[in-house]
Amino acid sequence: MGAQKSIHAGKAKIDVNVDFTHKLCASLMLPTLRSSGSPFSLVIGSLCIKHPNLFGGSEKLDVSWDKGLYDSNVLVAYRRPRPEWLAQQSFVLQHSLSPEIGIHGIPVNNFSRSGSGGINLSRLSVGMDLKEPASSKWSSTTSIKFEHVRPLNDDGRAISRDYDGFPLTSSGNPHDSMVVLKQESQFAKANDNSFFHFNLQIEQGVPVLSKWIIFNRFKFVASKGIKLGPAFLLTRLTGGSIVGDMAPYQAFSIGGLGSVRGYGEGAVGSGRSCLVANSELTLPLNKMLEGAIFLDCGTDLRSGHLVPGNPALRQGKPGSGVGMGYGLRFKSQFGHFQVDYAVNAFQQRTLYFGLSNLPS
């Protein structure tokens with residue numbers, strides 16, 4: 001399902017990795033969003049090219065391309081060598097295209113799945129990342145980027161309003177432009193019996209021009225894992241909020257794999273704020289297989305009506321939800337595979353498949 005190739009160019013080495021298994025299992029669970037226009041549209045894979053010595057001074061160039069059935073992402077990063085005690089500098093160019101299911105998707109089957117709302121996001125960003133020297137437990141990254149966001153329909157044409165006539169952008173135009181200053185801090189602590197991770201992201205829209213949107217957005221994720229005899233208990237709390245100018249695509253979507261299982265992507269709700277709690281207990285069945293039981297819950301903190309156009313209310317999303325179920329975790333040299341069977345508050349059952357990245 002995948003292939004690797006190393007190409008030598010002079011003293012440099014270019015690694016090419018084509019992986020056709022990435023996102024494969026997740027794509028099998030997606031509802032049909034649109035008809036396939038060509039055989040290429042059915043290809044799922046990724047391509048990564050790395051040049052470790054671009055100009056002979058240890059400059060690094062990374063180019064990656066990921067493609068799903070309905071989404072794609074291209075990332076170009078250039079890194080210059082700097083002393084270890086200085087922040088590591090990267091110049092980044094990125095373009096992504098993805099269906100906006102989390103906000104504008106239509107819940108079906110008692111909220112257990114989300115269908116396409118016919119809206120896609122094209123996002124272009126260019127900027128610089130500064131990664132501060134890591135301490136024993138803390139690490140941080142600061143970035144400043146220009147972002148250009150365009151909503152598209154399924155035919156690839158730019159649109160500014162949804163099917164009900166509500167605006168899709170903050171400016172009301174077919175696109176939004178912004179300069180975003182982002183600070184991300186991470187804390188990690190672990191021992192033989194437990195671990196704790198904390199991640200905090202703060203984004204600030206900088207008003208370089210009067211028509212560009214101004215906002216402040218933060219999100220945190222706190223995870224705690226602890227051994228209970230042969231079993232392992234994992235808990236996670238995720239939350240966030242946004243103030244200032246806002247487009248619907250900036251809302252927090254709740255529901256789906258990685259959020260509240262038992263619901264489709266964004267089928268619980270979407271709001272200016274959110275809070276999601278997950279707990280999972282795993283028990284080894286053999287060296288490669290684990291069994292799991294889990295409980296997820298999430299809420300938009302009654303902020304769904306504060307999103308421009310109130311898409312959650314128009315789609316009948318409940319705003320809060322609880323899901324529970326069980327699953328299997330399979331570990332092998334080719335990657336980690338999981339199957340989850342979940343039930344939501346409406347007694348609707350959902351089966352999830354997941355496949356992590358192959359080890360490098």
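Which residues have the most contacts inside the largest nonpolar core? To find them in this predicted model, select Met178, Phe215, Tyr249, Ile254, Val260 and Tyr263, which hold that place in a core of 22 residues. Then colour β11 (176-190), β15 (252-254) and β17 (273-284), the elements that each give two or more residues to this core. In soluble globular proteins, nonpolar side chains tend to be buried together.

**The whole chain**

Before going further, display the entire protein as a cartoon. The protein has three helices and 21 strands. Of its 360 residues, 40% count as buried. Among contacts with a separation of 6 or more, 56% join residues 24 or more positions apart. With the surface switched on, the accessible area comes to about 19200 Å², and carbon and sulfur atoms account for 60% of that area.

**Valine 260 and glycine 266**

Return to the core and centre the view on valine 260. Beyond its neighbours within four places in sequence, valine 260 is in contact with residues including Ile254, Val268, Val276, Asp296, Cys297, Val322 and Tyr352. Several glycines also belong to this list, among them Gly255, Gly298, Gly321 and Gly323.

Next, select glycine 266, in the loop between β15 and β16 (269-271). Is this glycine buried or exposed? Glycine 266 counts as buried because its relative accessibility is 0%. Not counting residues up to four places away in sequence, glycine 266 touches Gly102, Ser253, Ile254, Gly255 and Lys317. Add proline 107 to the selection: the C-alpha atoms of glycine 266 and proline 107 are 8.2 Å apart, although 159 residues separate the two in sequence.

**The salt bridges of arginine 329**

Now show the charged side chains. Side chains of opposite charge can pair when their charged atoms come close. The count for this model comes to eleven salt bridges.

Select arginine 329 together with glutamate 280; their closest N and O atoms are 3.0 Å apart, and the two form a salt bridge. Arginine 329 lies in strand β19 (residues 320-332) and glutamate 280 in strand β17, so the pair ties together parts that are 49 residues apart in sequence. Both arginine 329 and glutamate 280 are buried.

Keep arginine 329 in view and add aspartate 340. These two also form a salt bridge, with 2.7 Å between the closest N and O atoms. The pair links β19 to aspartate 340 in strand β20 (residues 335-344), eleven residues apart. Arginine 329 counts as buried because its relative accessibility is 9%, and aspartate 340 counts as buried because its value is 0%. Which residues make up the network of salt bridges that includes this pair? Select Arg261, Glu280, Asp296, Arg329 and Asp340 to display the linked set.

Another bridge involving β19 can be shown with glutamate 290 and lysine 331, whose side chains meet at 3.6 Å, N to O. Here glutamate 290 in strand β18 (residues 289-299) is linked to lysine 331 in β19, 41 residues apart. Lysine 331 counts as partly exposed because its relative accessibility is 38%.

**Strands β3, β4 and β5**

Move to the region of residues 45-51, strand β3, and residues 60-67, strand β4. These strands pair in the antiparallel sense over seven bridges, and lysine 50 stands opposite aspartate 62 in β4. On extending the selection to strand β5 (residues 72-80), one finds eight bridges joining β5 to β4, again antiparallel. Leucine 61 stands opposite tyrosine 78 in β5. With four residues between them, β4 and β5 form a hairpin.

**Serine 125**

Select serine 125 in strand β9 (residues 120-131). Serine 125 counts as buried because its relative accessibility is 7%. Not counting residues up to four places away in sequence, serine 125 touches Val92, Leu93, Gln94, Phe146 and Glu147.

**The loop between β18 and α3**

The last stop concerns backbone angles. Most residues other than glycine have a negative phi. Leucine 301, in the loop between β18 and α3 (311-314), has a positive phi near 55°. Leucine 301 counts as partly exposed because its relative accessibility is 47%. Asparagine 310, whose place is also in the loop between β18 and α3, has a positive phi of about 45°. Asparagine 310 is buried because its relative accessible area is 14%, a value under the 20% limit.

Technical notes: Residues numbered from 1 in each chain as written. Predicted model: local features only at pLDDT ≥ 70, side-chain atom pairs only at ≥ 80, totals over all residues. Heavy atoms only, no water. Buried < 20%, exposed > 50% of the residue type's maximum accessible area, 1.4 Å probe, protein only. Contact = heavy atoms within 4.5 Å. Areas by Shrake-Rupley, 256 points an atom, 1.4 Å probe, with all protein chains shown as cover. Core = buried A, V, L, I, M, F, W, Y, C linked by side-chain atoms within 4.5 Å. Salt bridge = Lys/Arg side-chain N within 4 Å of Asp/Glu carboxyl O. Pairing = 2+ DSSP bridges.
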